[in-house]
Amino acid sequence: MDALQALLGAKPASEITDKVTIKRLGQDFTIKALTGDDIDKIREQATYPVKKGKKTELTINEQEVARLLIAKGTVEPDFSNADLLKHVNATDAGECVQKALLAGEIAALQEAILQLSGFGDFDEEVDEVKN
C-alpha cells in the first residue's frame, strides 16, 4: 500500500480515541486525537500581547495551552458541562480542567492527547506546540 492509499483509508481524527485512567477518581477518561487546526486554534487562544519596553511581543501561556488541549481533547467527561462548571466554580472548560484535576493528572492527559494526535516525544513536541 502506498502513502496515498494509507491516507485514503485512515480514520478521521475525530474517530481516534483512547482511554486514560485517572487513579484518584477510579475512572477512565475518554480522549480523542486533535488535528493541526485544533492545535493552531488552541495556540491562538493562549497567545497574548506582552509589552517589553516599547515593543509588544506575543507570548504563549503554556499552562493555558495544556488546559485547552485537555478541554478540547477529552470526550468524557465533558469539561464544559454546566453542573461540573458550577461544582468547581469555573467559567469555562479550560478553567474547569485547572480546578477539577491535579497537576499530575493534567500532565498525564496532555501527554496522552498529544501522543494520540501523532506527536512522538512528549517533551519535544510540547515545546513545538508552544512555539
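## Elements and their order

Helices and strands are here taken as DSSP runs, a helix having at least four residues and a strand at least two, and they are numbered from the N terminus. On that basis this predicted model has seven helices and five strands, and from the N terminus on the elements follow the order α-β-β-α-β-β-α-β-α-α-α-α.

## Overall dimensions and surface

The C-alpha trace of the protein spans about 55 × 40 × 25 Å along its principal axes. The protein has 131 residues, of which 33% count as buried, and among contacts between residues at least 6 apart in sequence, 48% join residues at least 24 apart.

About 8500 Å² of the protein is exposed, with carbon and sulfur atoms supplying 49% of that area. As for charge, the protein carries 24 negative and 16 positive side chains, and the centres of these two sets lie 8 Å apart.

## The largest nonpolar core

The largest nonpolar core holds 27 residues, and those that touch the most other members are L69, I70, F79, L101 and L109. At least two residues of this core come from each of the strands β1 (17-22) and β2 (27-32), and the helices α2 (36-45), α3 (62-73), α4 (82-88), α5 (93-100) and α6 (103-116) each supply at least two as well.

I70 offers a closer view of these contacts: when residues up to four places away in sequence are not counted, I70 touches F79, V97, L101, I106, L109, Q110 and I113. Among these partners, F79, L101 and L109 are themselves named with I70 as core residues that touch the most other members.

Methods. Residues are numbered from 1 along each chain as its sequence is written. This is a predicted model: local features need pLDDT of at least 70, side-chain atom pairs count only at pLDDT 80 or more; totals for chains, interfaces and linings use all residues. Side-chain values use heavy atoms; hydrogens and water are left out. A nonpolar core is a set of buried Ala, Val, Leu, Ile, Met, Phe, Trp, Tyr and Cys residues joined through side-chain atoms within 4.5 Å. Buried means under 20% relative accessible area, exposed over 50%, partly exposed in between (1.4 Å probe, protein chains only). Contact means heavy atoms within 4.5 Å. Accessible areas come from the Shrake-Rupley method with a 1.4 Å probe; for residues, only the protein chains shown count as cover. Lys and Arg count as positive and Asp and Glu as negative; His and the chain ends are not counted. The place of a charge is taken as NZ of Lys, CZ of Arg, CG of Asp or CD of Glu.
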